[in-house]
Amino acid sequence: MNNSQKKGGSTEVVRTYLKHQHKKVYSICRFFTTTYKEHQRLFADIVAAASQSIQHKKAGDEKNTLLLRACINMTALHSIMLRLEPEEDRTIQFKSPDYQRSMLKFRESVGEITDYEKILLFLEMEKVPQNEISDLTGITSYKKGVSLKEQPKKSFIPYLKEKLVWS
Amino acid sequence: MELKKLQQNWNSFPEVSMEERPVLSSDLEKIVVHNPLSGAFYLKPRIYRRIVAAVILWLFNIYQWRIQLKTGGNDLYQQAMLFFVLTYFIYFHVRLLLFADYQSLLSLKLIPFLGKLETILDKYILSFGIISILAGFYLLAAFEKTLSLLNSAAYAGISENGFYKWLIIIFLSISFYILFLHSVIPKYKKLLVTVRTYRGEIGSKLQKK
């Protein structure tokens, strides 16, 4: 018996949701992949990660947030894995001439930017509000004059868990 | 202005053509159940296997320790030490498994996610130290067994001398750790350094801003 049968309709709901949101996943792949193979691998990994996160989501977590977190986390892993691999030709190679042309144009206009900037740009393109970015990246901006004391504190149980299980 | 141009470019982006695009309806079912984490990023099966193996050895050790206590054998202190090392080994791995919490790992924010991966890898590398100690104990036992079959006089000489046994255990443990340092550990260390550098780069970017 596989996961989908075991959980009844829940996987079906997740699948439908991901099917509707697949364009977001395609979008982030544009920043981080150069070949069709890489694109497919990253796409599958993000979808699987999002599916896993949504199925085990805790109360208060929104599906969209979890999907975006899956996108960001998996692209980070993808970049880390690329760094471990021997240097390869990183030129853009897609079969479809239309897609190849758009990718070349897009990369040219984006230029050489860091992964974090790519993530920020992706979130900007997806019209994610500025105040929600820290909820996805975990990086809190101290620019707005918010002191450390005013930063939201962790609730007691996860804090205690973190301290007791591993510090 | 640049951003507006980019946004226009973004909006007019074509879909990956049909022959290059994953078949969503049929493939999605397979995709959603596959594990996105693999290799050294997913240590759960390895940690499980270690816990199961350690529990079996732990039970056998309790049995051996009991025999040593009853008969007043020469290996009483070694069995006691082995018991504590095995207990700590099991505790360490259960703690690591609970900490990793692979089900919710991917739903973390980027920086905590990378931080957690770093900790998991770091602790996993540390676990090879405990394995080396265990290897020292079990290799000595294997050595004694072999010696008892080949030369009973030499075996008697060693088994009655606790000091030599401890020296052999220390020597074997260090040798085993050196072996790990040159075989398995570099792979995990390289990954750990890459994750750490990546996290550092993201953090430093924010500081520059």
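Is B:Asp101 buried, partly exposed or exposed, and how many other C-beta atoms lie within 10 Å? Keep that in mind as you open this predicted model; we will come back to B:Asp101 after a look at where the two chains meet.

**Stop 1: the contact between the chains**

Colour chain A and chain B separately, then select the residues where they touch. You should pick up 58 residues from chain A and 45 residues from chain B. Now stay on the chain B side and highlight its helices. Those that each supply at least two residues to the side touching chain A are helix 1 (2–11), helix 2 (24–33), helix 4 (76–100), helix 5 (102–105), helix 6 (110–150) and helix 9 (185–208). Pause on helix 9 of chain B, which gives the largest share of that side, 9 residues. If you colour this side of chain B by residue character, you will find 26 nonpolar, 10 polar and 9 charged residues.

**Stop 2: B:Asp101**

Next, select B:Asp101, in the loop between helix 4 and helix 5 of chain B. Check its backbone: phi is positive, at about 40°, although this residue is not a glycine. And here is the reply to the opening question: B:Asp101 is partly exposed, because 15 other C-beta atoms lie within 10 Å.

**Stop 3: A:Lys127**

Finally, move to chain A and select A:Lys127, which sits in the loop between helix 6 (115–125) and helix 7 (130–137). This is a residue other than glycine, yet its phi is positive, near 60°. A:Lys127 has 7 C-beta neighbours inside 10 Å, so it counts as exposed.

Technical notes. Residues are numbered from 1 along each chain as its sequence is written. Chains are lettered from A and ligands numbered from 1 in the order in which they are written. This is a predicted model: local features need pLDDT of at least 70, side-chain atom pairs count only at pLDDT 80 or more; totals for chains, interfaces and linings use all residues. Two residues are in contact if their C-beta atoms, placed from the backbone, lie within 7 Å. Helices (H or I, at least four residues) and strands (E, at least two) are DSSP runs, numbered from the N terminus. Ala, Val, Leu, Ile, Met, Phe, Trp, Tyr, Cys and Pro count as nonpolar, Asp, Glu, Lys and Arg as charged, and the others, Gly among them, as polar. A residue is buried if 20 or more other C-beta atoms lie within 10 Å of its own, exposed if 12 or fewer, and partly exposed in between; C-beta atoms are placed from the backbone.
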